[in-house]
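Me: I would like to go through a structure and ask what lies behind the words used for it. Please keep the answers short.

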Amino acid sequence: FFFKQKTAYEMLRSLVGSDMCIRDSLKGLGVESSEISPSGGTGLVVNLRGKAPDDGQRLKIIALRADMDALRMQENNPDLPYRSQRAGVAHMCGHDGHVVCLLGGTSLFLDIRDQVPSNKGIRLLFQPAEETLGGALKMIGDGCLVDVSEVYGIHNWPTKQIGRLQVAPGAVMAESNRIDIKVRGKGGHGSDPKNAIDPIPAALEIVSKFYQLVEEYRKEGLRCQGGLPVVHGGTACNVIPDYVTIQGSFRSLEEGTSDRLRKEFQSYSEEIVNRYRCSLEIFSVVTKAPMLINTEEEANHVLSIGKAMFGENAGSEFLPVTASEDFGYFTKECKGAFFFLSSGRHDSDHNIHTPDFNFNDELIPLTSKVWLELIKHRLCLLYTSDAADDLLCVDLGGRRIIKKK
């Protein structure tokens, strides 16, 4: 029911068709246009309340989120019929698959909607701009969590064979900070350095000091990672540049570590540039995504479903991770949990954010069933449905389709 071709329509905050594709898929399932609203600029919020009589209990709405955006990178899957059709842009994190999985769960919910009390329901959050770590905030600002009791999200995990669920209470993904530095010197001819102030030595020492600080923190037992992989200075081999720019990131799984890094690194950087007679024109360490913290009760709800579906393959042994996710903004505002479902064809499948990554479609019916079981669990729907057992994922000439067997 969903044309899952990796055309990578969405990049950063701009959608050119993905939202309409999702709208059309939802309408094809029987969702009314009045139940679908724009949010976050190019995202969608879908409100689906039950159609059975009110059961007299309080309103209960749970939100289920799927990110939608692509990455600015080139795909290296030339033989796939659904490979990206746009140079330099591709779905190499599996967000297209996340959308399909949520549509699958929606299809199963709609099968039982007539039995769900009208004071209970689900809210689908199709979120743009996760990779740039800003889409969640914009959707929250547009009111996507109003009246929501709990919020849940998933991510595929291709480096472990399909059939595992990972979730834990507390911090499961790191806070992410972007670093921007500009070291100002005085440009000149390479043959006349005495009449110039070369910013290169100062910049290199700043980079070296950053890595020293991160290593010191790790030796103290702090769970953090960082790097300054972007260093730009100079345009010709015989020209001393006016300035050098440095960019990177710092990630932490402990409160306060980023603040400490910001203060200590800035102090060292100022001392370094002064010693080289340069100036620190820009020094910025900005939090782009908060630590993703699962609330305990909601994480345990997911784990109980995982145990029922996957047995001993449901746990938390691989968490937390130092990758980052802006889903943490949702759990700062509302109780909720983010969890991982393994999707690898084997334990060494291509990882996300690599040019050879290829979302495993076998995860689609499995995740659709996880969504259904979570909905039933959290809305206290005690009856059972065999609908999820009848799902079949097929691939027809680049079309990824979920249909009933």
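Me: In this predicted model, which residues of H2 and H8 meet?

Reply: On the H2 side they are Val100, Cys101, Leu102, Gly104, Gly105, Leu108, Phe109 and Ile112. On the H8 side they are Leu363, Ile364, Thr367, Ser368, Lys369, Trp371, Leu372, Ile375 and Lys376.

Me: What classes do the residues of the contact of H2 with H8 divide into?

Reply: There are eleven nonpolar, four polar and two charged residues in that contact. Gly104 and Gly105 are in the H2 part, and Gly counts as polar.

Me: Why are H2 and H8 called oblique to each other?

Reply: Helix H2 (residues 95–112) and helix H8 (residues 363–378) have axes that cross at roughly 50 degrees. Angles under 35 degrees count as roughly parallel, and 65 to 115 as roughly perpendicular. The crossing angle falls in neither range, so the pair is oblique.

Me: What else describes how H2 passes H8?

Reply: The crossing is right-handed, and the axes come within 8 Å.

Me: How much space lies in the largest pocket, and which residues lie nearest its centre?

Reply: The space is about 950 Å³. Of the 34 lining residues, Glu131, Leu133, Arg251, Ser324 and His353 lie nearest the centre.

Me: Which element gives the most to the lining of the largest pocket?

Reply: Strand E5 does, with five residues.

Me: How is the lining of the largest pocket divided by class?

Reply: It has 14 nonpolar, 14 polar and six charged residues. Glu131 and Arg251 belong to the lining, and Glu and Arg count as charged.

How values were computed. Residues are numbered from 1 along each chain as its sequence is written. This is a predicted model: local features need pLDDT of at least 70, side-chain atom pairs count only at pLDDT 80 or more; totals for chains, interfaces and linings use all residues. Side-chain values use heavy atoms; hydrogens and water are left out. Axes are lines fitted to C-alpha atoms, for helices over the stretch in contact, and angles run from 0 to 180 degrees between N-to-C directions. Helices (H or I, at least four residues) and strands (E, at least two) are DSSP runs, numbered from the N terminus. A crossing is left-handed if the near helix is turned anticlockwise from the far one by less than a right angle, and right-handed if clockwise. Contact means heavy atoms within 4.5 Å. On a 1 Å grid over the protein atoms alone, a cavity is a set of points where a 1.4 Å probe fits but cannot get out, and a pocket is an open set with protein on both sides within 12 Å along at least five of seven lines; lining residues have an atom within 4 Å of a point. Grid points are joined across faces, edges and corners, and a volume is the space filled by probe spheres set on the points.
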